[in-house]
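Please open the structure in your viewer, show it as a cartoon, and keep the sequence panel beside it. The tour below goes from one selection to the next and tells you what is to be found at each stop.

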Amino acid sequence: MLSQRNDPIIALATPPGRGAVGIVRLSGKHLLNFAQKLTHRQLTPRVAQLVTIKDQLGDSLDQVLAIFFPAPHSYTGEDVLELQGHGGAVVLQMLLQNCLQTAHQKNADEVALLPHLRLARPGEFTERAYLNHKLDLAQAEAVADLIDANTEAAVRSAGRSLEGVFSKQVNTLKDMLIHLRMQIEACLDFPDEDIDFIQQMHVDEQLQALEEKTKELLAQAAHGRLLRDGLKLVIAGQPNAGKSSLLNALSGADVAIVTAIAGTTRDVLTQSIQIQGVPVHVLDTAGLREYALADEVEQIGMARAWDQIGHADIVLLLNDLSRENQSDYAKAQTRLRQDIEQALAPHTKLLIVNNKSDAMVPSLDLNSQALNISAKTGDGLDRLKVRIMDMAGWQAGLNEGVFTARTRHLDAIEAVLSHIQQATKFMQFAAVPLDLMAEECRLAQNHLSLLTGNFSADDLLGEIFSRFCIGK
């Protein structure tokens with residue numbers, strides 16, 4: 001990959017299919033001569049010019065708007081040529097192939113204009129923008145998040161990250177850490193100085209401020225991850241507890257088939273909804289009961305339900321109030337709750353919800369902490385949505401100004417917080433080990449650098465940019 005980073009690249013920058021406009025984009029060093037041979041025009045930088053592109057036989061391919069962006073004033077920081085033509089799939093492919101042929105065509109001296117021009121890899125344009133310091137890594141990731149955003153809140157949060165809101169907060173923390181490290185390491189260099197370093201430099205106050213700001217950043221990043229990835233909510237319960245009815249009620253559509261026949265739902269059904277602007281992926285699963293009572297197909301559905309429970313953010317265990325006074329049902333519900341609690345991942349939360357409040361047994365005494373709803377009438381659904389977001393850690397007050405974030409961002413910030421807290425513990429020692437404190441600060445700074453890409457391995461970059469679309 002390293003040997004190809006200087007190659008000029010080309011790709012379609014618009015989605016496949018028919019459209020009014022399609023864009024072919026090139027990026028690389030010294031593209032001007034190629035651009036002028038391709039268009040048979042003297043191109044003025046950053047000015048759209050109408051040109052006719054002809055193939056190798058001299059036949060017209062398409063009339064396009066050609067725009068040349070000279071380095072470093074372009075998206076990638078290299079020379080960039082954009083050809084905005086008609087959005088037909090065939091004509092765009094012909095235009096792209098003609099660019100490749102023109103680039104590799106040799107002149108009288110057997111020299112090609114762009115001998116190494118090749119098709120771009122996914123995300124390679126944005127990767128070059130990062131490598132050429134047009135964007136930091138967090139901003140580059142925000143480009144993909146902006147494209148993939150499926151809610152208005154997610155779009156706004158990705159836009160803030162692209163503007164650098166996230167990066168500025170990370171850099172502020174980094175500057176604070178560097179300042180503290182400088183003080184600690186200066187003291188290490190002059191150990192004989194008769195100075196009470198800890199009190200004079202207010203190290204405890206600096207560490208406390210670092211911890212508070214890191215916790216604030218972690219809370220905002222957690223919100224940003226919710227906006228980007230959404231929340232996985234798995235509805236589980238015994239057959240006929242109303243799981244499919246609840247899915248339909250939450251989604252506002254008849255997504256799942258609802259009958260009184262046990263085992264109607266045989267597979268996992270998924271519907272994405274929005275709650276307070278956050279994508280929530282609701283999964284309706286097969287009813288859970290003893291395997292011996294189910295046929296082969298239902299057993300497969302139950303196995304898939306348990307698999308989803310193991311990967312959920314929240315498991316909503318539904319209880320049928322109309323059967324609460326049936327001893328067999330109540331015992332099975334208790335066993336099911338215990339089994340689910342054992343199957344939960346460490347990060348997964350369990351929410352108990354009583355359904356069919358409209359058909360509740362009159363003599364039933366409910367002293368439960370569980371939420372009572374009716375999927376049939378809609379009673380309690382608003383309270384349920386609020387409870388779901390509370391359990392997810394969503395705070396409406398933090399929504400304003402939140403930026404997009406990923407799981408890797410949360411992991412890095414949590415590591416930063418851990419190192420700062422460890423450095424704080426050293427303050428309790430009678431003789432503060434400044435060398436260990438300095439090391440904890442250095443490790444925290446390294447994790448912050450991973451967020452913006454100031455310290456990133458090639459394999460991390462490959463993983464990030466491989467998830468982009470080709471022309472970006």
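Select H40 to begin, and you will find this residue in the loop between α1 (32-39) and β3 (49-54). In this model, which is a predicted one, H40 has a phi near 55°, a positive value in a residue other than glycine. Is H40 buried or exposed? With a relative accessibility of 59%, H40 counts as exposed, because exposed residues are those over 50%.

Stay in the loop between α1 and β3 and select R46, which is placed there too. R46 is not a glycine, and yet its phi is positive, at about 60°. The relative accessible area of R46 is 47%, so this residue is described as partly exposed.

**The six-stranded sheet**

Next, select the strands in the order β3-β4-β5-β2-β1-β6, and you will have an open sheet of six strands whose pairing is mixed. Look then at the edges, where β3 and β6 (118-119) stand; each of them has a single partner strand, so one side of each is left without a neighbour in the sheet. With the sheet still selected, add α1, which packs on it and touches β2 (19-28), β3, β4 and β5. The direction of α1 makes about 25° with that of β5.

Now bring in helix α2, which covers residues 89-104 and lies across β1 (9-12), β2, β3, β4, β5 and β6. If you follow α2 along β1, you will see that the helix runs at about 175° to that strand.

Go back to β3 and β4, which pair in the antiparallel sense over six bridges. To see one place where these strands face each other, select Q49, which stands opposite A66 in β4. β3 and β4 form a hairpin with five residues between them, and in the turn you can pick out G58, whose phi is positive at about 90°.

Move on to β4 and β5, which pair in the antiparallel sense over five bridges. Which residue in β5 stands opposite F68? Select L81, and you will have the residue that F68 faces.

The loop between β4 (60-69) and β5 (79-87) is worth a stop of its own, since P72 is found there. Select A71 together with P72, and look at the peptide bond that joins them, which is cis, with omega at about 0°.

**A buried helix**

Select helix α3, residues 124-131, and turn on the surface of the surrounding chain. Seven of the eight residues of α3 are buried, so the helix is largely enclosed by the rest of the structure. The buried residues in α3 are E124, F125, T126, E127, R128, A129 and Y130. Just after α3, select H133, which takes a positive phi of about 65°.

**A strand residue and a partner in space**

Select L269, which lies in strand β8, residues 269-275. At 29% relative accessibility, L269 counts as partly exposed. Then add L247, which is 22 residues away from L269 along the chain, and let the viewer show the separation of their C-alpha atoms, which is 8.8 Å.

**Two helices side by side**

Two packed helices are described by the angle between their axes and the distance between the axes. For the next stop, select helix α8 (residues 203-229) and helix α13 (residues 407-425), whose axes come within 9 Å and cross at roughly 165°. α8 and α13 are therefore roughly antiparallel to each other, and their crossing is left-handed.

Show the side chains where these two helices meet. On the side of α8, the residues in contact include L207, L210, L217, L218 and R225, while those of α13 include L410, I413, V416, L417 and I420. The residues of the contact of α8 with α13 divide into 12 nonpolar, four polar and five charged.

**The whole chain**

Finally, clear the selections and look at the protein chain as a whole, which has 15 helices and 12 strands. How many of the 472 residues, as a percentage, are buried residues? Buried residues make up 47% of them. If you consider the contacts between residues at least 6 apart in sequence, 67% of these contacts join residues at least 24 apart.

Methods:
Residues are numbered from 1 along each chain as its sequence is written. This is a predicted model: local features need pLDDT of at least 70, side-chain atom pairs count only at pLDDT 80 or more; totals for chains, interfaces and linings use all residues. Side-chain values use heavy atoms; hydrogens and water are left out. Axes are lines fitted to C-alpha atoms, for helices over the stretch in contact, and angles run from 0 to 180 degrees between N-to-C directions. Helices (H or I, at least four residues) and strands (E, at least two) are DSSP runs, numbered from the N terminus. Angles under 35 degrees count as roughly parallel, over 145 as roughly antiparallel, 65 to 115 as roughly perpendicular and the rest as oblique. A crossing is left-handed if the near helix is turned anticlockwise from the far one by less than a right angle, and right-handed if clockwise. Contact means heavy atoms within 4.5 Å. Ala, Val, Leu, Ile, Met, Phe, Trp, Tyr, Cys and Pro count as nonpolar, Asp, Glu, Lys and Arg as charged, and the others, Gly among them, as polar. Buried means under 20% relative accessible area, exposed over 50%, partly exposed in between (1.4 Å probe, protein chains only). Two strands pair if DSSP finds at least two bridges between them.
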